[in-house]
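Colleague: Please take one part of this model and give me a close account of its packing, its charged contacts and its backbone geometry. I would like one connected description that I can follow with the structure open beside me.

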Amino acid sequence: MNKTFLYIALLLFGLGATSCKKYFEVDNSDRNTIPLTFSTIEGFRASILGTLQTACDYYSNQFYFYPEVAGNMADVVGTGLDNMKQQQDFTSDPDEETQAVGLIWRKILVTIANANNIIEYAPAFLEDNPAAKSELDQIKAQALFIRALGHFDLCRVYAQPYNYSADAGHTGVPIVLNNPAPEDAIARSTVKEVYTQIIADLKEAEELFGTVAASDVYYVTPKAVKALLARVYLYSEHWDEAIQYASEVISSSTLSYNADYTSMFNTLTPGAEAIFRLKGRVGTKDLGGKYSITAPVYVPADTLMSLFEPGDIRLSLFMQNPDNTSRYFTRKWTILGSVERYDPMVLRASEMYFIRAEANLAKDQLTRCADDLKVMIGRAMKMDPADMDNFETEKAALKSIIIKERAKEFCFEGHNFFDITRMKENLVRGSNSSSTVKQLNYPSDYFVLPIPQAEIDANPAMKGNPTVNN
């Protein structure tokens, strides 16, 4: 398979969306040309590359920044329309079409639509081309994974977390399994229904992959499917399943240590512990621009820097602001080399240790929880976990460690705010935060973005979110 991402213009839906057009509406011209694309295996190969690229487009942009600026470990210092200050201050406008509210919605639904095409056309092609089954199954498995990831990400941004209600019966996002016609009214499903579909897609992908030993982290692999299942089960508080899948991934993974740890962010080496990354476009600054060490838009908050102890390997991914030595820049998205490309991390092995630790904590398996935290802290502090004898054993203390270590480990990788809301924590920022909102208690209607007003206007079945859409 050609490893150069190919941008398939005819597969992109809704890019010209306006107030009279649904974000996932299909142009009639696209409807006429899409079947031709899926008449050859080359079309399917190109289409999965295009789908991975559209996924990268939203991961390299507002979706990846939103949980940082809405959280409490990053601060907004840059100016401009696209700095997401309104998301930091929880004043998001439903009419934002080219900024976060509309852009995240549209880009994710474009990605889902692309994946849907592959899934829809695969059976007919396979019937006429049975010899292509092995390759087509892998392409379809990747599309199912991307569709699941898209629905999961959409739900995290526009719906309250799974545990917001006792049965997850609160309003989620649309489940889009077939690309709708312009006249179709698409309603929002419950969060439980959305998660059920996400898991179903991932389980089918797991089955289609079978025992294939795919290892290229820039493609969806069987390990990536298991890793996403572990995360989804953690968010939905299915602790046993989260432990099971996290353990399966850990058993076949390695961690990055010492110089290899920093190089997975500062070079174009994907990293030994990378499970799934998205390949950015050469020359597109996105992550590197927002987290620039010369003119950043987002910088580490004091609340983040205060968590680190001297000697932590992760401190090498920060630098002092030369004009204000009490503040820092992040170097996590600084590429050292002649080629400027930023590859957002989606899944890596470190997260699996934290998932298993948190799930074991919920099951009162405190020793097992502590064992995984020792591995993570030992790696960061260059210590042997076996020598960490005086480790915490009390449940509340272990939870506090998980929260702090996740903040340090996954800062600027699109986790912070989602961790706060799913853990039912209050959002508490430092006194030096540039935001007008220093604290927001859980639960809050402001913990989700409004549904884009353009979608509501065009789609009679679409309902907004309380307060933020009013």
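Modeller: An axis here is a line fitted to C-alpha atoms, for helices over the stretch in contact, and angles run from 0 to 180 degrees between N-to-C directions. This is a predicted model, in which local features need pLDDT of at least 70 and side-chain atom pairs count only at pLDDT 80 or more, while totals for chains, interfaces and linings use all residues. Residues are numbered from 1 along each chain as its sequence is written, and side-chain values use heavy atoms, with hydrogens and water left out.

The part I would choose is the pair α14 and α15, helices being DSSP runs of H or I with at least four residues and strands runs of E with at least two, numbered from the N terminus. The two axes come within 11 Å and cross at roughly 30 degrees, which makes α14 roughly parallel to α15 (an angle under 35 degrees; over 145 would be roughly antiparallel, 65 to 115 roughly perpendicular, and the rest oblique). Their crossing is left-handed, that is, the near helix is turned anticlockwise from the far one by less than a right angle. From α14, Leu366, Cys369, Ala370, Leu373, Ile377 and Arg379 meet Lys395, Leu398, Ile401, Ile402, Glu405 and Glu409 of α15, where contact means heavy atoms within 4.5 Å.

Charged side chains are among these contacts, and they lead on to the salt bridges, each defined as a side-chain nitrogen of Lys or Arg within 4 Å of a carboxyl oxygen of Asp or Glu. Lysine 395 pairs in this way with aspartate 364, the closest N and O atoms being 2.7 Å apart. Because aspartate 364 sits in the loop between α13 (349–362) and α14 (366–381) while lysine 395 belongs to helix α15, the pair ties together parts that are 31 residues apart in sequence. Lysine 395 is partly exposed at 35% relative accessibility, with buried meaning under 20% relative accessible area, exposed over 50%, and partly exposed in between (1.4 Å probe, protein chains only). Arg379, Glu405 and Glu409 belong to a network of salt bridges, whose other members are Glu273, Asp312, Arg314, Lys332, Arg348, Lys408 and Glu413. The total by this rule is 33 salt bridges, and one of them joins aspartate 343 to arginine 341 with closest N and O atoms 2.7 Å apart, both residues being buried.

Following the chain onward, phenylalanine 412 lies in the loop between α15 (395–409) and α16 (416–422). Although it is not a glycine, phenylalanine 412 has a positive phi of about 65 degrees, and it is buried, with a relative accessible area of 0%. Most residues other than glycine have a negative phi, and most peptide bonds are trans. A second departure is the cis peptide bond from tyrosine 442 to proline 443, with omega near -5 degrees, and proline 443 is placed in the loop between β8 (439–440) and α17 (453–458).

As for the record, UniProt lists residues 330–466 for "domain: RagB/SusD" in an unreviewed entry; its positions are given in the numbering used here, feature names are shortened, and annotations may be inferred rather than shown by experiment. Over residues 330–466 the chain is 42% helix and 7% strand, and the end C-alpha atoms are 35 Å apart.
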